[in-house]
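Visitor: Could you walk me through this one, with the cut-offs spelled out as we go?

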Amino acid sequence: MLSYLVFALITAGIYGILALSLNLIWGAAGMVNLGLVGFFAVGAYASALLTTLTGMPIWLGLICSMAVGALVGVAATSATLRLRGDYLAIVTLGFAEVVRLVALNERWLTKGADGISGIPRPFAGLLNPAQFQIFYMVLVLAIMIVAFLLLRRIDRSPFGRVLKAIREDQELASFAGKRIVRFKMIAFALSAALAGLAGGLYAHFQSYISPDHFQSLLTIYIFLAVTAGGVGRPAGAVLGAFLVVGFLEGARFIAHIIPGISAVQAASVREMMVGLALILILQFRAQGVLPEQRLPAPKR
Amino acid sequence: MIPLIQAILNGIMAGSLLAIPAMGLTAMFAVLRYANFSIGALATIGAFAAWYANTVFGWSEIPALIAAFVVAALVGMLVEQLALKRLRPAGALTVAIASIAASVLLENVVRFIFGNDLRAFDTPLVRDWFFWGLRVGPQQLQNVIIAVVIMALVFGFLSLTRYGKAMRAVADNPDLARIYRMDPQKIAMATVALGTGLAGVGGMLLGLDSAIEPMTGSRLLLPIFAAAVLGGLGSIPGALLGALIIGVGEEISLLFMPATYRSAIGFVVILLVLSMRPQGILGERR
């Protein structure tokens, strides 16, 4: 039971980092990243490959997973950052699909569907499995808190205000002399780096990754988290991630106690509840549990 | 030379099937101004409705096709009415996200009822025809003919009927259309019915070639969007042209790339188009 709880908290921490990533790009800047899971996967594979193939230390692998995430993110989306929002949505969706195809097909690099195993765990020699889980929970939650403080800082900084200005009225922000595309690109790079970091953390926790781990449904979970917690507010994103993990575990429980349904049906009930929850929240409480704080306009 | 001509031929056949849902997507975008990501799931629903009619009721292709259109259109209107309509004031991206949530819901309803197994239509096996070293399947050819007839019907509907003309008017200038007492709600629903119905038909036609399962439509999402973006989002002839180019591009890619990367062509095309000609070949509606 305890190890189950610890496992859920590690998952929630990783989802929390992903939710902070999505909140920066969607909540603050109004850009939609439907390929979040693609950046998560890129980060996971980057750190997994670097640490297993070159013997790089884990902390450096995690930094590389951020760098690779950011680079790939900007490269894949730069064509769309100056265009209307729907295009970014379509391109990021396609990006995640391409990442999945590459992971599945480039066996020389990713071992295809077999996946990469033996990804090093930090202090594996010193800790027994139970101790490792608790250590990793503390590590993930600490990183999530650092990311949260950083993003809250950004949210309240002039940079964050420019992003919100772009979200509200791009033409006006441009008219005010802000270089829109540059701001968008930096925000996207930061967001992709965070998603990559979450992927790296996931890889070193699981110690095994394969394309199966990176289903597009994860992107939906994170959208649900950010929407439920409060779009545009980092605290909301983190809270939302914990709510979603609780919701998913609860849904798993409910799906299991419905009598007379198969395992496939139980899984589909769980996913149905996720889709339905997202629609209902968008309809009835789009501002989330912790609504965005809007500062009053400065008095003259 | 023969493999290239064969690839182009296959591409035109595949593209004409892709054109049907792409036209549906682009029509909805032109009138409603949001990207409806649920068309993948609605293509699956159309395919399963047709499969059910075909294998359980023993309906032949044309009645099954009508079942695909009607069921997908009804579900599409239901989704619009219950989930998306109220979100329109919150902006196009919010509606798009809700449409993704709706497609997760719909796909899992299909999975709940039918399971994950592959299901094939009950169609007679026919030998392929060969001429000048080229190979054409009678089933494929029949699908292409059906697709062309559907396209003709869509063009006829848009240019000859009251509703069709009203849709084009709303797409061109919603304010002006309102002055002429066109009810935007009714026209929006008619467009959703047309667009999602076409997605359902496309799902069936593309499923006839192989087999269907709950994720069939999601896999089509990328090439469908690629076709619509390439032609110019919101342009119906553009969607047709875009679909043919994507179809041919995918088949030609098979000559020098592993078949598994076929669906990545859509992504590459979208990136190229958006960086060079963001309005698409035939221009986007603004």
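**Helix packing and a surface patch**

Visitor: Which helices do the buried residues of α3(A) pack against?
Guide: Happily, this is a predicted model: local features need pLDDT of at least 70, side-chain atom pairs count only at pLDDT 80 or more, and totals for chains, interfaces and linings use all residues. Residues are numbered from 1 along each chain as written, chains are lettered from A and ligands numbered from 1 in written order, and side-chain values use heavy atoms, without hydrogens and water. Helices are DSSP runs (H or I, at least four residues), numbered from the N terminus, buried means under 20% relative accessible area with a 1.4 Å probe, protein chains only, and contact means heavy atoms within 4.5 Å. The partners are α2 (36–53), α4 (85–105) and α9 (180–206) of chain A, plus α11 (264–276) of chain B.

Visitor: How far apart are the end C-alpha atoms of α3(A)?
Guide: Its 20 residues, 58–77, should span 28 Å, because the expected span is 1.5 Å times one less than the number of residues. The model agrees: the ends are separated by 28 Å.

Visitor: Which helix supplies the largest share of the nonpolar patch?
Guide: Patches join nonpolar side chains (Val, Leu, Ile, Met, Phe, Trp, Tyr) within 5 Å, from residues with over 30% relative accessible area and no salt bridge (Lys or Arg side-chain nitrogen within 4 Å of an Asp or Glu carboxyl oxygen). This one covers about 680 Å² and includes B:I8 and B:F256. α1 (2–32) and α10 (236–256) of chain B each give at least two residues, and the largest share, four residues, belongs to α1(B).

How values were computed. Patch = residues over 30% accessible without salt bridge, like charges linked within 9 Å, V, L, I, M, F, W, Y side chains within 5 Å. Areas by Shrake-Rupley, 256 points an atom, 1.4 Å probe, with all protein chains shown as cover.
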